[in-house]
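Q: Could you take a close look at one part of this model for me, the packing in its interior? I'd like a connected walk-through rather than a list.

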Amino acid sequence: MIFQSVEEFRASAFAPRVAIIGAGPAGISIAHKLSQAKIPSVIFEAGGADYSDESQDFYKGTVIGDTYFDLDATRLRFLGGSSNHWAGWCRVLEAHDFLPKPYVPHTGWPITRAAIEPFLPEVEGILGIKPFRPDVPISADFNWYDMIKSDHVHFGEKFHPELETNPNIAVVLNTEVFTLKGNGRMVTGVELWSQGKPAGSLSFDYYVACTGGLENSRLLLWSNEQSNGGVVPNAAALGRYWMEHPMYTTGAAIFTSYDGIEFDADGHAFFAPTFDALMRREVLNFHIQVETAPYPGIKQYVADLACYTPEWTEWIAEELGSHLRCSAQVHISWEQAPRPDNFIALSRTERDAAGAPRLELHWTKDAFDHRTMLEGLRMFGETLAGQDIGRLKISDWVLDGSPYPDDMELAGNHHMGGTRMSDDPATGVVDADCKVHGMENLFVGGSSVFASSGQCTPTTTLTALALRLGDHLSKIVSA
């Protein structure tokens, strides 16, 4: 059932047990899972069925720190959420991504990957992907891995027939949960804003915030402020430990062998370090993306490489005469350390049309980011040379520590953390079941609960976590 306003929803007399805030991948996946257990839920979607400038304006905010995307361009506010501009890249966090790294504070999850593995077959069906193939060792330090590109699943489109006809799911469009009301033990209701005006309040048994990796923090910060700490009673970590995946073009390579390497239809291959290599070099996780370049341009690159590393000139000359395969651009994307000084805050001067404070994203890359980038590239260069399958030239700006370029990818539009998962309320907002610490009926879904980010795109993992949360809610609601 899809309603265009809260007035239509009230008139229906539908009585859901669970209120889900946000109709993106997490929110829709949770409602889908609850419906399998015949538990009625309602999804409040602040946007409409389609994009509008008026709705998107609510996502404007300020970035303080490093160069980043405009906040109203890096996510979308209508049915399906930011899946509407998702490119479709899929990969699930590695088992070691859930483990603490002794050389990086605040790493480690209160769950292991085993907790989400039972839900991965269902995730494959939702995202339209096949099972991931095993990694292929390239060296003791690196594996080629399977990065799958799905059919650009837009959740609003894919699930529209189910959302429209399922008797256990209601979707209320154009209706923002302005604030949650709480008493420090449980959420007692929500204040709504619908069709451009205040729309009263409603109460439910359980609540799940699924508004995204920026808006979850904004909603809970604003609600907590309005309820005098009654929504997130342990708020030390709220909004903090925010993470992205920085990504840049950082060099070029030539290959003489593709043994164990598979390029996709777009000419890309992906490599990730082994856990032992990460621990030995004391860096966080990352991946190398190799993008093949046209062969005619190889002569200038070879000349540059020979000048940069004269000791390789003989090797290059020999390989050019025999079995040189291709030249390639090299990109790197890496995991940021979960740092409390990367955080989301409420603006004290700017408000949206409903009167809620706009958000401020405080985000920087630090020395550990540069170390992970540089050491990761050095490791990859060592693998190419050590296996005698190629050579890597690292860009000068990486080697000399120059400022990060502003004219490259910058980051992955991957918003993680802010309501991170932890057993300790001092360093996290939700527990291992995604329940807000100290609250009986408030949960959080989506990548904002990530305790650390790993190196891969978050959609596959966040969908698995959402299904796990939906399964957990099904059990406690039915009890």
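A: Let's start with a yardstick: the expected span of a helix is 1.5 Å times one less than its number of residues. Bear in mind that this is a predicted model. Now put that yardstick on helix α13, which covers residues 459-478. With 20 residues, α13 reaches 28 Å from its first C-alpha to its last, close to the 28 Å expected. The helix is also mostly covered, with 15 of its 20 residues buried.

That brings us to the interior. The largest nonpolar core has 104 residues, and the members that touch the most others are Phe44 and Leu180. The element giving the most to this core is α13, which puts in eight residues. Apart from this core lies another one, of 38 residues, and Tyr103, Val104, Phe142 and Phe368 are among them.

Let's zoom in on Phe44. Not counting residues up to four places away in sequence, Phe44 touches a list that includes Phe9, Ala19, Ile20, Ile21, Val172, Leu192, Leu202 and Phe204. Also on that list are Gly22, Ala23, Thr175 and Val177.

Phe44 belongs to strand β3, residues 41-44, and that strand is covered on both faces. Ser41 and Ile43 are buried on one side, while Val42 and Phe44 are buried on the other. What does β3 pair with? One partner is strand β2 (residues 18-21), joined to β3 in the parallel sense over four bridges. In that pairing, Ile21 stands opposite Phe44. Getting from β2 to β3 takes the chain through helix α2 (residues 25-36), and this β-α-β crossover is right-handed. Strand β9 (residues 169-172) also runs parallel to β3, again with four bridges joining the two. Here Ser41 of β3 stands opposite Ile169 of β9.

One more stop, this time at a charged side chain. Arg339 sits in the loop between β17 (326-334) and β18 (343-351). Is Arg339 buried or exposed? Its relative accessible area is 10%, so Arg339 counts as buried, the cut-off being under 20%. What does its side chain reach? There is a polar contact with the side chain of Asp341 at 3.0 Å, and another with the side chain of Thr364 at 2.9 Å. Leaving aside neighbours within four places in sequence, Arg339 is in contact with Tyr241, Trp242, Thr364, Lys365, Asp366 and Asp369. Thr364 thus turns up twice for Arg339, as a polar partner and as a contact.

How values were computed: Residues are numbered from 1 along each chain as its sequence is written. This is a predicted model: local features need pLDDT of at least 70, side-chain atom pairs count only at pLDDT 80 or more; totals for chains, interfaces and linings use all residues. Side-chain values use heavy atoms; hydrogens and water are left out. Buried means under 20% relative accessible area, exposed over 50%, partly exposed in between (1.4 Å probe, protein chains only). A polar contact is a pair of N or O atoms within 3.5 Å; within protein, one must be able to donate a hydrogen and the other to accept it, and residues adjacent in sequence count only if both atoms are side-chain atoms. Contact means heavy atoms within 4.5 Å. Two strands pair if DSSP finds at least two bridges between them. A crossover is right-handed if, with the strands pointing away from the viewer, the path from the first strand over the helix to the second runs clockwise. A nonpolar core is a set of buried Ala, Val, Leu, Ile, Met, Phe, Trp, Tyr and Cys residues joined through side-chain atoms within 4.5 Å.
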